[in-house]
Each structure stands twice: as C-alpha cells, then as structure tokens.
Amino acid sequence: MKKLSGKVIATSAIAALLLFSAHTSAGQEKGFTLSAFHFETRLGYEAAFPGMDFNNERSGFRGSYLNMRLDGQICEGLNYSYRQRFNKLTERTFFDATDWIHLDWRAAERFTLSAGKQVVAIGGYEYDRAPIDLYYCSEFWNNIACYQIGVSGTFKASANDFLLLQLCNSPMRGYITDKSGRNCGNSKIALNLMWYGSHGFYESMWSANAFQNTTDSWMYYIALGNRFNLTDWLRLDLDLMDRLGRGSGFIGDFSIISELSAAPADGLRIHAKFTWDRNKKCDGDWLVMRGTNVRSVSGGVEYSPVRKAREAVKLFAAAGYSYGKCTGALGDRDLNIQAGLKFRLDILEGAKALLRRREAE
C-alpha cells in the first residue's frame, strides 16, 4: 500500500472541510465555518539590469508567489487563520513555508488573545501589506523574517484605537550563528507593542520593538506608519523607522518609506514610491547591515478588468531603480522592470455555487 505524503493528507483534509463548510455556511453560523478559502499567484516577465547592464540569468518569465489562505471560526468567539506559501524554498520543514497559522480567542468584548505563527508586530504600511501586492521594497523589507511563533493580546481602547502586545521569536534569529556557522538563534525572543489608530483622514500603525540579537545584545526599533487619506481616491503612506543598537547613535540606522497611490477610476491604481535605508556603523542590526546607504525609486500601475470581482484578476506593470551602497538585496544603479498578472481562485465561492446548482436541480 502506497504511503500518502503529508501534503496529500493536508490537501484532502482541506477539501473535506471545504465541502462541509460550503454546505453548512448558509445555516448555523455559530459552529465551525470556513469563511474564506482561495489560492492566489503572481506571474509575469521580469527584466533585470544590475549596474544598468542587462542580465539574462536574472531575467525572464517567472512566478513570484503561490499562496493558499483559509479563514473561519471553530466556534463562536474562536477564529482561525492560515496562509501557506507553496513556492517558498526552505531547507528545513514544510512548516517554515507557512506564513501564519494562529487561533484568535475573543476573551472579552474588548480583548482578544492569539497564539500560533503570527506576523511580527512592527509598524509601517509597506511592512503590513501582503508581499504579493508589492513590487519594489526597502532593504529592511527584503531582509525581515516577519512571520514567527508567539502569543499576543489585542485591546480595543476605543472605537478607533487598538493596542497589541506580542511576545514571539526574534525575527533576527535566522541570522545568528555560532563560531562553526551553525544557526543558534532559535531561543531568541522579541517583545512588540503596537498602536493601530483611525481618526478621520489619518490612520496609524506605530510600534516599539525589542529584538534579541545575541546573548547580551538587543536591537530596539521605533516604527511609525502613517497613512493620509487625502481624498477618496488619493492617499499617502509615510513610514519612519529608527533602529537603536550598539554603535547606531541617534538616526544613524533608519529607514524611510513613502508611497503615493491614486485610484482615479474604478479598477485602476497608480503608485509612486521612494525608500531610503541607512546604517552608518551599527553592527547589531542584521536587517540593514553596517555601511548601507541605499535609496530606491519605483512606480507602477495595476488594472482589474473583472468588474464584478476586482480582486480576481489584476494586470500590472512596474519599474524600480536603486542606487547607493548596499551589500544586501538592493544594489547600486540597479534597474528592474516587471509586467504580468495576479489572479485569485476563490475555491469556497466556487463550491458554494456548485452546491446551489445541485440543490436547484
């Protein structure tokens, strides 16, 4: 008898849950439900010009992401969320390619407890957006391991303000090695405090973070994400991040990310973006290395042609250019051009439609 793999078993279990939830979701809502189940991917052509010279090996047609997401509730007051990235390469386990999987328990009217693999609570709107929706990002974004196992509590301070306190693995743990080059950062932790606010045209995602680096060293982050909804179709995001550690000094190690985006017509989005990452002489920052002083400018357009389901298909074209000193993801005089499409396969809605047709027959 052939032994089934873990991926096959997991897929079969999800399919069974899907059919059960699609059949019962129109009925009793207080028990187990599956409120969202979809796959999404981004495909297209990428042209890379490192140092302004065309590079054949880094250019061509490729897929950037292949994600699966499930959301729902186990019972009233206990919700779950799960996102798996199938294209994420890892030398360890299938679980390392899991972006998040956590349970959220609404313990009181204003208080929710969460546990599992979560997004590390760091402020900023570039950081907060799904990677599949981003094309060119800061050096910090390219190096942060933003999904870690931990626990968190969210308190609703007012109708427009939420506070979140989180204890989790340090996002720097993957960079910490012993003298033999083996990873030894699994015991390192992070403590994060977040404020989410929404007040008229202004929204905020601010955080204060402490990341354990080595046995006797910590990095402290202040990340201020600011969003200004200038009109119904025009907004400005401004993220300011200062990092404090050994040798950093005041504003010696920072990132600035700004993006202006406009939606002048239904289904159309245009954006322009600027990033600046600098680390003068802080040795404890593994995410923006010492000696970095790099900037990038980028812009692009997205169009959603399906009027009844704008998230189903998106066509995109974007270009980005970076310049300055950096030993990480961004390079000096690097130009990158992308064009392609993103699409979402909503499996749950498809199953519901199929059941409705069968019931109508």
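## Contacts and overall make-up

Among contacts in the chain (heavy atoms within 4.5 Å) between residues at least 6 apart in sequence, 53% join residues at least 24 apart. This is a predicted model, in which local features need pLDDT of at least 70 and side-chain atom pairs count only at pLDDT 80 or more, while totals for chains, interfaces and linings use all residues. Residues are numbered from 1 along each chain as its sequence is written, and side-chain values use heavy atoms, with hydrogens and water left out.

The chain holds 4 helices and 16 strands; these are DSSP runs numbered from the N terminus, with helices being H or I over at least four residues and strands E over at least two. Of its 361 residues, 42% are buried (under 20% relative accessible area, with exposed over 50% and partly exposed in between, for a 1.4 Å probe and protein chains only). The chain exposes about 19,300 Å², and carbon and sulfur atoms supply 61% of that area (Shrake-Rupley method with a 1.4 Å probe; for residues, only the protein chains shown count as cover).

## The second largest pocket

Let's turn to a pocket. The second largest one has a volume of about 640 Å³. Here a pocket is an open set of points on a 1 Å grid over the protein atoms alone, where a 1.4 Å probe fits, with protein on both sides within 12 Å along at least five of seven lines; lining residues have an atom within 4 Å of a point. Grid points are joined across faces, edges and corners, and the volume is the space filled by probe spheres set on the points.

The lining of this pocket comprises 29 residues, and Glu46, Tyr135, Tyr136, Asn142 and Asn336 lie nearest the centre. At least two lining residues come from each of strand 1 (33–49), strand 2 (60–75), helix 3 (139–143), strand 14 (293–303), strand 15 (313–325) and strand 16 (334–346). By class, 14 of the lining residues are nonpolar, 10 polar and 5 charged (Ala, Val, Leu, Ile, Met, Phe, Trp, Tyr, Cys and Pro count as nonpolar, Asp, Glu, Lys and Arg as charged, and the others, Gly among them, as polar).

## Aromatic pairs

The whole structure contains 15 aromatic pairs (rings of Phe, Tyr and Trp, the last by its six-membered ring, with centres within 6.5 Å; planes under 30 degrees apart are stacked, over 60 edge-to-face and the rest tilted). Phenylalanine 37 and phenylalanine 39 form a tilted pair, because their ring centres are 5.7 Å apart and their planes stand at 50°. Phenylalanine 37 is buried at 5% relative accessibility, whereas phenylalanine 39 is partly exposed at 25%.

Tryptophan 195 and tryptophan 206 have ring centres 5.3 Å apart and planes at 90°, so this pair is edge-to-face. Tryptophan 195 sits in strand 8 (residues 189–199) and tryptophan 206 in strand 9 (residues 202–214), so the pair ties together parts 11 residues apart in sequence. Tryptophan 195 is partly exposed at 24%, as is tryptophan 206 at 32%. You can also find one aromatic cluster formed by Tyr127, Phe140, Phe211 and Tyr221.

## Residues worth a look

Most residues other than glycine have a negative phi. Methionine 52, in the loop between strand 1 and strand 2, has a positive phi near 70° and is partly exposed at 38%. Arginine 333, in the loop between strand 15 and strand 16, has a positive phi near 60° and is partly exposed at 39%.

Asparagine 67 belongs to strand 2 and is buried at 4% relative accessibility. Leaving aside residues up to four places away in sequence, asparagine 67 touches His38, Phe39, Glu40, Arg83, Gln84, Arg85, Asn87 and Ile132.
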